[in-house]
Amino acid sequence: MAYWLFKSEPSTWSWNDQVAKGEVGEEWDGVRNYQARNFMREMKLGDRGFFYHSQKEKSVVGIVEVCAESHQDSQTDDPRWECVDIKAVRSFETPVTLEQIKLDERFAEMALVKSSRLSVQPVTEDEWRRVCALGKTNPN
């Protein structure tokens with residue numbers, strides 16, 4: 001299993017919106033960055049990801065699961081743009097802020113710290129377990 005982070009502006013698509021989609025999940029559409037698209041092309045069914053609220057909140061608020069592998073983004077006819085579908089798995093008991101992550105030197109190499117603008121990014125297994133522990137959330 002691989003781990004990922006999906007960033008969303010809560011005013012556009014929030015954790016509550018994701019949870020409301022239930023088991024069906026939702027397309028992670030609208031991504032127009034080649035590196036983020038390429039990460040989605042690598043994703044497999046069952047991969048897990050952090051759901052991250054950007055803008056003012058800047059925090060990991062939940063865990064999602066890839067429920068459909070890479071396919072054409074329904075928001076465009078341009079064949080260059082693909083997306084995956086994700087569904088909510090569980091909320092974090094305690095959101096984990098970007099500030100908390102940046103203050104912990106063990107996260108110095110985390111993509112969220114080094115490439116904070118990228119909307120879809122990989123997370124190592126060690127980072128996954130550490131962030132889940134900070135959020136008081138079961139990593140499995």
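User: Which residue in β5 is the bridge partner of Val 66?

Analyst: That is Ile 86. Ile 86 in β5 also has Glu 26 standing opposite. Before we go on, this is a predicted model, where local features need pLDDT of at least 70 and side-chain atom pairs count only at pLDDT 80 or more, while totals for chains, interfaces and linings use all residues. Residues are numbered from 1 along each chain as its sequence is written, and side-chain values use heavy atoms, with hydrogens and water left out.

User: What makes β4 and β5 a pair?

Analyst: Two strands (DSSP runs of E, at least two residues, numbered from the N terminus) pair if DSSP finds at least two bridges between them. β4 (59-72) and β5 (residues 82-97) have 10 bridges in the antiparallel sense, so they count as a pair.

User: And how do you know that β2 pairs with β5?

Analyst: There, 2 antiparallel bridges join the strands, so the cut-off is met. Besides Glu 26 opposite Ile 86, you can find Glu 27 opposite Asp 85.

User: Why are β2 and β6 called edge strands?

Analyst: The 6 strands form an open sheet with mixed pairing, ordered β2-β5-β4-β3-β1-β6. β2 and β6 (120-123) each pair on one side only, which makes them the edges.

User: What are the partners of Tyr 52 in β3, on the β1 and β4 sides?

Analyst: Lys 7 stands opposite Tyr 52 in β3, and Val 60 in β4 is opposite Tyr 52 as well. β1 runs parallel to β3, joined by 6 bridges, whereas β3 and β4 are antiparallel, also over 6 bridges. In the hairpin of β3 and β4, with 5 residues between the strands, Gln 55 takes a positive phi near 65°.

User: Why is β3 described as largely enclosed?

Analyst: Because 6 of the 6 residues of β3 are buried, where buried means under 20% relative accessible area (exposed is over 50%, partly exposed in between; 1.4 Å probe, protein chains only). Both faces are covered: Arg 48, Phe 50 and Tyr 52 on one side, Gly 49, Phe 51 and His 53 on the other. In a regular strand, side chains alternate between the two faces of the sheet.

User: How do you know whether Glu 127 is buried or exposed?

Analyst: Its relative accessible area is 8%, so by the cut-off just given Glu 127 is buried. Glu 127 is found in helix α5, and touches Phe 50, Phe 107, Glu 109 and Met 110, not counting residues up to four places away in sequence; here contact means heavy atoms within 4.5 Å. Helix α5 (residues 125-134) lies across β1, β3, β4, β5 and β6, running at about 55° to β3.

User: What makes up the lining of the largest pocket?

Analyst: A pocket is an open set of points on a 1 Å grid over the protein atoms alone where a 1.4 Å probe fits, with protein on both sides within 12 Å along at least five of seven lines; lining residues have an atom within 4 Å of a point. By that definition 18 residues line the largest pocket, with Lys 7, Ser 8, Glu 9, Trp 28 and Asp 29 nearest its centre. The elements giving two or more residues to this lining are β1 (3-8) and β2 (26-27).

Conventions
Helix = DSSP H or I, 4+ residues; strand = E, 2+ residues; numbered from the N terminus. Axes fitted to C-alpha atoms, helices over the stretch in contact; angles between N-to-C directions.
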